[in-house]
Amino acid sequence: METVIEIDGTKLGSDSRPYVIAEVGINARNDLELAKRFIEVAASAGADAVKFQTHLADAEISEPAIRSIGAGDVYETVAECEWTAEEHEMLRAHAKASDVTFLSTPFSVEAVDLLEEIDVPAIKIGSGELTNRELLARVAETGKPLLVSTGMHTREEIAEACSFLESVAEEFALFYCVSEYPTSPADFDFGTIQSLEQLADVPVGFSDHSTGAEAAKVAIGNGAAMIEKHFTIDRRLPGPDQEVSIEPETLEDLCSFADLYHETSTEKTELQGEEPDVKAWAQHSLVAKRPIEQGEEFTTENLTTKRPGSGISANRYFDIVGRTAATDIEENIVLSSDDVQ
């Protein structure tokens, strides 16, 4: 059984409801009011947490170097999506008021400092930072749970990262992830969830970059303790992640599925709801196939089974065959215990 971790009072693990993280990321750009609207809609849909990204362009990117490889637009996008510490605090406070947990992903040590300053309850680590020992060590220093994605890394690299995390972090969880945008269904291998559980003995979730919510539901069925899903209030908004983001109705459906999965995955030993009433008429009892006289032996010729299940149960048919009648029994009468010697 993997270790259970706790975020903002909610336990995450195999016996808990799958934890749904609505990943806003950079879909709200740096529009504070729009970001607040994202938070409200995610909370209304039933998400447990709403997650942003904490970008400080010059702290996470060498601008000359990234332009030299033809990826200058990455720097420009990141620079347009920065939030100040004050704005982070406003978003965290708005999430609290909306009854949803605020999370974010840092991409630099300085970003970790900012998230620690506003006291987030846990810190999400993107796949690109799995091997960033400096960043992982700094996040571990906060004492907060780490939620670590594993996309674009081999099992050996993941094992090495887990070994490092075990040496520095108080608690962490992993996310199975395929770092393609969008990810096609053929690229998923959900057996990896169990494999990662066995590797690290920690809760394992699924960070989903596919379109729709189908893959996330399959992941839940394969034991994912958490789902991180890109979310938007309108895919027509600008931004590179809109294509793989689900809209409010689909997020609500995913959260409802998480509820249903949890409610139906426990072991129940008692009859449910209307089952006792259905059982009363749906099951069979022993019935006289023809009139049976007192003292006559019950046989397969004079005994049958019919609904309802209000008399001697049909599962006692061969127990009663061979015994004798204690009373005269009319044809088509349901037998009771008083009818059998």
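# Pockets, rings and unusual bonds

The second largest pocket is lined by 16 residues, and those that lie nearest its centre are Asp-8, Lys-96, Val-100, Thr-101 and Phe-102. The model in which this pocket is found is a predicted one. The volume of the second largest pocket is about 310 Å³, and two elements, α5 (85-97) and β5 (101-106), each supply at least two residues of its lining. When the lining residues of the second largest pocket are sorted by character, eight are nonpolar, two are polar and six are charged.

The largest pocket has a volume of about 760 Å³. Of the 30 residues that line the largest pocket, Gln-53, His-55, Phe-107, Tyr-181 and Asp-241 are the closest to its centre. At least two residues of this lining come from each of β4 (49-54), α2 (57-60), α4 (72-79) and β10 (226-230), and α4 gives the most, with four residues. The lining of the largest pocket divides into ten nonpolar, twelve polar and eight charged residues.

Tyr-181, one of the residues closest to the centre of the largest pocket, also takes part in a peptide bond that deserves attention. The bond from Tyr-181 to Pro-182 is cis, with omega near -5°, and Pro-182 has its place in the loop between β8 (172-177) and α9 (191-200). Another cis peptide bond runs from Arg-307 to Pro-308, with omega near 5°, and Pro-308 lies in the loop between β12 (303-306) and α13 (317-320).

The loop between β8 and α9 also holds Phe-190, which leads to the aromatic rings. A search of the whole structure finds nine aromatic pairs. A pair of aromatic rings is described by the distance of the centres and the angle of the planes. Which kind of pair do the rings of Phe-190 and Phe-206 make? Their centres are 5.1 Å apart and their planes stand at 80°, and because an angle over 60 degrees counts as edge-to-face, the pair is edge-to-face. This pair links distant parts of the chain, since Phe-206 is in strand β9 and the two residues are 16 residues apart.

Are these two residues buried or exposed? Phe-190 has a relative accessible area of 12% and is therefore buried, and Phe-206, with a relative accessible area of 0%, is buried as well, because buried means under 20%. Phe-190 and Phe-206 belong to one aromatic cluster together with Tyr-176 and Phe-188.

Rings can also have a charged side chain over them, as two further places show. Lys-124 lies over the face of Phe-175, at 5.2 Å from the ring centre, while Arg-133 lies over the face of Phe-164, at 5.1 Å from the ring centre.

The backbone angle phi is the next feature to follow. Arg-29 is not a glycine, although its phi is positive, at about 50°, and Arg-29 is found in the loop between β3 (19-25) and α1 (32-45). Asp-201, also a residue other than glycine, has a positive phi near 55° and lies in the loop between α9 and β9 (204-208). With a relative accessible area of 39%, Asp-201 is partly exposed.

The last stop is a stretch named in a record. An unreviewed UniProt entry carries the annotation "domain: AFP-like" for residues 285-341. Over residues 285-341 the chain is 7% helix and 14% strand, and the C-alpha atoms at the two ends are 17 Å apart.

Technical notes
Residues are numbered from 1 along each chain as its sequence is written. This is a predicted model: local features need pLDDT of at least 70, side-chain atom pairs count only at pLDDT 80 or more; totals for chains, interfaces and linings use all residues. Side-chain values use heavy atoms; hydrogens and water are left out. UniProt positions are given in the numbering used here, feature names are shortened, and annotations may be inferred rather than shown by experiment. Buried means under 20% relative accessible area, exposed over 50%, partly exposed in between (1.4 Å probe, protein chains only). Rings of Phe, Tyr and Trp (its six-membered ring) pair if their centres lie within 6.5 Å; planes under 30 degrees apart count as stacked, over 60 as edge-to-face and the rest as tilted. A charge sits over a ring if NZ of Lys or CZ of Arg is within 6 Å of the ring centre and within 35 degrees of the ring normal. On a 1 Å grid over the protein atoms alone, a cavity is a set of points where a 1.4 Å probe fits but cannot get out, and a pocket is an open set with protein on both sides within 12 Å along at least five of seven lines; lining residues have an atom within 4 Å of a point. Grid points are joined across faces, edges and corners, and a volume is the space filled by probe spheres set on the points. Ala, Val, Leu, Ile, Met, Phe, Trp, Tyr, Cys and Pro count as nonpolar, Asp, Glu, Lys and Arg as charged, and the others, Gly among them, as polar.
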